[in-house]
There are 2 protein chains.
Amino acid sequence: MNKICELFGIEYPIIQGGMVWCSGWKLASAVSNAGGLGLIGAGSMHPETLEEHILKTKAATNKPFGVNVPLLYPEQQKLMDRIVKHDVPIVFTSAGSPKKWTGWLHDHGIKVAHVVSSSSFAKKCEAAGVDAVVAEGFEAGGHNGREETTTLTLIPLVRNATKLPLMAAGGIGSGQAILAAMVLGADGVQIGSAFAVAEESSAHPDFKTLVTSLGEGGTKLALKQLAPVRLIKNGFFQQVDAAEKAGKTASELSELLGRGRAKKGMFEGDLDEGELEIGQVSAQLNKVLSVSEIMEKLMDEYHESKASLEGEKFSF
Amino acid sequence: MNKICELFGIEYPIIQGGMVWCSGWKLASAVSNAGGLGLIGAGSMHPETLEEHILKTKAATNKPFGVNVPLLYPEQQKLMDRIVKHDVPIVFTSAGSPKKWTGWLHDHGIKVAHVVSSSSFAKKCEAAGVDAVVAEGFEAGGHNGREETTTLTLIPLVRNATKLPLMAAGGIGSGQAILAAMVLGADGVQIGSAFAVAEESSAHPDFKTLVTSLGEGGTKLALKQLAPVRLIKNGFFQQVDAAEKAGKTASELSELLGRGRAKKGMFEGDLDEGELEIGQVSAQLNKVLSVSEIMEKLMDEYHESKASLEGEKFSF
């Protein structure tokens with residue numbers, strides 16, 4: 001049996017990335033109901049909001065689901081307490097040390113995956129006892145590794161560094177890419193962008209429309225002096241880019257960023273002044289689809305792609 | 001039959017990228033003799049040097065081979081004249097318009113491939129009548145696209161944009177990566193870094209030793225204001241990086257770069273002051289091998305990887 005399916009008790013080794021302002025209970029429960037693993041993105045939630053989303057997810061699906069907790073916000077303990085209180089079976093941690101919560105979560109019977117952008121961090125995950133790792137490449141949306149290693153380069157390196165069940169993330173928006181990532185050594189995938197623009201995503205409709213209209217070069221990794229983040233090249237990005245080119249300091253950039261920029265853009269739909277996070281694979285996304293349509297498309301493409309290996313193209 | 005094998009008359013759809021200061025007649029003829037397509041890298045050659053390398057390649061192999069001509073240097077006509085004079089069967093052009101030479105080369109019975117970093121340029125290649133395209137991602141060494149699209153993201157987009165035979169480049173250093181690139185839609189691959197450190201590469205031994213010791217994050221795309229190029233993070237890179245962070249202008253950066261930096265580093269072995277170009281996949285390269293060892297490894301991995309798709313990991 002596929003290791004990711006076995007570990008999480010799911011039908012397809014497809015994880016929906018826990019994304020700020022996109023993945024609430026509607027998206028997470030829809031993905032879990034469709035046979036993948038839905039994650040509530042706690043990065044944009046206060047504890048009471050997370051609690052509400054957990055309860056609504058449980059009401060909407062009997063399948064396994066999880067919560068993604070980025071370890072760069074305050075309120076971590078409060079978020080974790082609500083997770084335990086409501087028997088969430090799976091937690092994905094990111095943007096911090098895998099040592100911090102893994103033992104505690106295991107003590108509460110919760111499975112833990114951690115997101116990394118390098119093989120050295122994957123080894124730290126193994127040492128910390130996590131159950132699985134997500135290796136995320138440069139092309140991914142949102143916060144990103146400083147070393148800029150792409151998914152194609154990263155997955156074989158992480159595969160070589162650890163025997164842990166491994167999910168590939170960054171640049172994956174089709175069944176062909178799922179198969180390719182697995183050929184490179186992954187056991188499954190985490191998909192962000194394609195689900196960020198699903199009908200069930202909480203993102204603002206105008207954000208979804210913009211993402212599905214982007215072409216190649218529509219995003220760029222920015223704010224490398226703070227925490228690197230992949231952004232759509234909108235008005236706010238242009239301000240950041242100009243400031244970076246002019247050699248502004250980290251604290252000047254931090255002031256320019258201010259607070260609440262991602263909410264303003266992705267949730268409230270201010271496409272000019274907001275911080276708009278999405279992956280490079282947005283260039284492959286042309287339409288807002290429902291989660292069930294996305295999952296069906298991914299699996300059809302995966303199976304077609306796998307069957308195509310019988311063809312003469314692959315024979316040499 | 002595989003389209004790339006058919007087009008070029010080769011056994012395996014593996015092209016050795018034409019790289020400055022690495023791919024002379026020794027490397028090109030060894031790759032062609034091993035069943036791939038060897039390319040002489042004319043980017044670092046004057047016409048008489050190229051002529052010498054063509055003649056030596058022809059003496060060393062009866063198999064098809066080619067020349068890569070980057071269209072950013074002067075002397076293009078003289079290089080092309082020597083190519084025609086000595087009946088070179090295949091030319092790869094890069095870093096310029098595919099319209100410029102394709103018709104002329106076809107008139108002389110030469111097959112033409114062009115290197116692109118976006119699907120819009122792939123369409124221009126099709127309109128210009130080229131026989132095949134190489135789509136090269138952000139992780140590749142040397143000069144690179146401004147849009148920073150990674151190989152994983154780029155290949156499906158280019159596949160969707162053109163029916164031309166397609167080679168994937170950037171991040172490919174194993175048989176698993178060859179299969180993954182082909183699953184994404186490529187018909188074959190172009191491999192640079194792994195051949196840059198082959199025994200038969202003309203690069204300085206100290207450069208090869210450094211490349212095979214690099215880890216993740218050992219390279220970075222730099223000089224984006226001039227022409228983006230992926231460099232090893234050596235002393236020269238640190239100077240460039242500091243200048244860029246201080247907001248220096250393109251002409252100041254150009255002055256810092258000066259002339260002959262790549263030769264100094266890659267060919268003469270000045271690892272501190274030279275410009276050292278290599279791909280991210282260098283993190284996967286740990287040993288200097290002969291071309292025949294590299295080709296055998298790649299094909300073994302390819303076949304094992306293809307056979308592994310029968311396993312339960314892929315069954316869901």
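Two residues are in contact if their C-beta atoms, placed from the backbone, lie within 7 Å of each other. Keep that in mind for the whole tour.

What you have open is a predicted model, in which local features need pLDDT of at least 70, side-chain atom pairs count only at pLDDT 80 or more, and totals for chains, interfaces and linings use all residues. Residues are numbered from 1 along each chain as its sequence is written, while chains are lettered from A and ligands numbered from 1 in the order in which they are written.

**Stop 1: Val133(B)**

Select Val133(B). Setting aside neighbours within four places in sequence, you'll find Val133(B) in contact with Ala113(B), His114(B), Val116(B), Ala122(B), Cys125(B), Val158(B), Thr162(B), Leu164(B) and Leu166(B).

Next, some vocabulary. A residue is buried if 20 or more other C-beta atoms lie within 10 Å of its own, exposed if 12 or fewer, and partly exposed in between, with C-beta atoms placed from the backbone. A nonpolar core is a set of buried Ala, Val, Leu, Ile, Met, Phe, Trp, Tyr and Cys residues joined through C-beta atoms within 7 Å. The largest such core here has 205 residues, and Val133(A) and Val133(B) are those with the most contacts inside it.

**Stop 2: His114(A)**

Hop over to chain A and pick His114(A). Its place is in strand β5 (residues 111-116) of chain A. Strands (E, at least two residues) and helices (H or I, at least four) are DSSP runs, numbered from the N terminus.

Is His114(A) buried or exposed? It has 29 other C-beta atoms within 10 Å, so His114(A) is buried. Now draw a distance to Val133(A): the two are 19 residues apart in sequence and 5.0 Å apart in space, C-alpha to C-alpha. Not counting residues up to four places away in sequence, His114(A) touches several residues, including Thr93(A), Pro98(A), Cys125(A) and Val133(A).

**Stop 3: helix α5(B)**

Select residues 99-107 of chain B, which make up helix α5. Which residues of this helix are buried? They are Trp101(B), Thr102(B) and Leu105(B). Look down the axis of α5(B): the buried residues fall within an arc of 115 degrees (taken from the directions from the helix axis to the C-beta atoms), so they line one face of the helix. On the other side of α5(B), Gly103(B) and Asp107(B) are exposed.

Add what covers those buried residues: α4 (76-85), β4 (90-94), β5 (111-116) and α6 (119-128) of chain B are included. Just after the helix, Gly109(B) takes a positive phi of about 75 degrees.

While α4 of chain B is showing, click Met80(B), which lies in that helix. Met80(B) counts as buried because it has 24 C-beta neighbours inside 10 Å.

**Stop 4: two unusual phi angles**

Most residues other than glycine have a negative phi. Try Trp21(A), where phi is near 65 degrees, a positive value. Trp21(A) sits in the loop between β1 (14-16) and α2 (25-33) of chain A, and it is buried, with 25 other C-beta atoms within 10 Å.

Then try Asp87(A), with a positive phi near 55 degrees. Asp87(A) is in the loop between α4 (76-85) and β4 (90-94) of chain A. With 11 C-beta neighbours inside 10 Å, Asp87(A) counts as exposed.

**Stop 5: two domains**

Colour chain A by domain: domain 1 is 3-203 + 285-305 and domain 2 is 206-280, with bounds that come from an automatic or database domain assignment. Taken over C-alpha atoms, the centres of these two domains of chain A are 23 Å apart. Where they meet, 25 residues of domain 1 are in contact with 17 residues of domain 2. On the domain 1 side, β7 (142-143) and α9 (193-196) of chain A each supply at least two residues.

**Stop 6: where the chains meet**

Show both chains. The contact takes 49 residues from chain A and 49 residues from chain B. On chain A's side, α1 (3-8), α7 (151-161), α8 (175-183) and α14 (291-307) each supply at least two residues, and the largest share, 6 residues, comes from α8(A).

Finally, superpose the chains, by least squares on the C-alpha atoms of residues with pLDDT of at least 70 in both. A rotation of 180 degrees with 0.0 Å of shift along its axis puts chain A on chain B (RMSD 0.0 Å). The two copies are therefore related as by a two-fold rotation axis. The same surface serves both copies, with 100% of the contact residues of chain A recurring in chain B.
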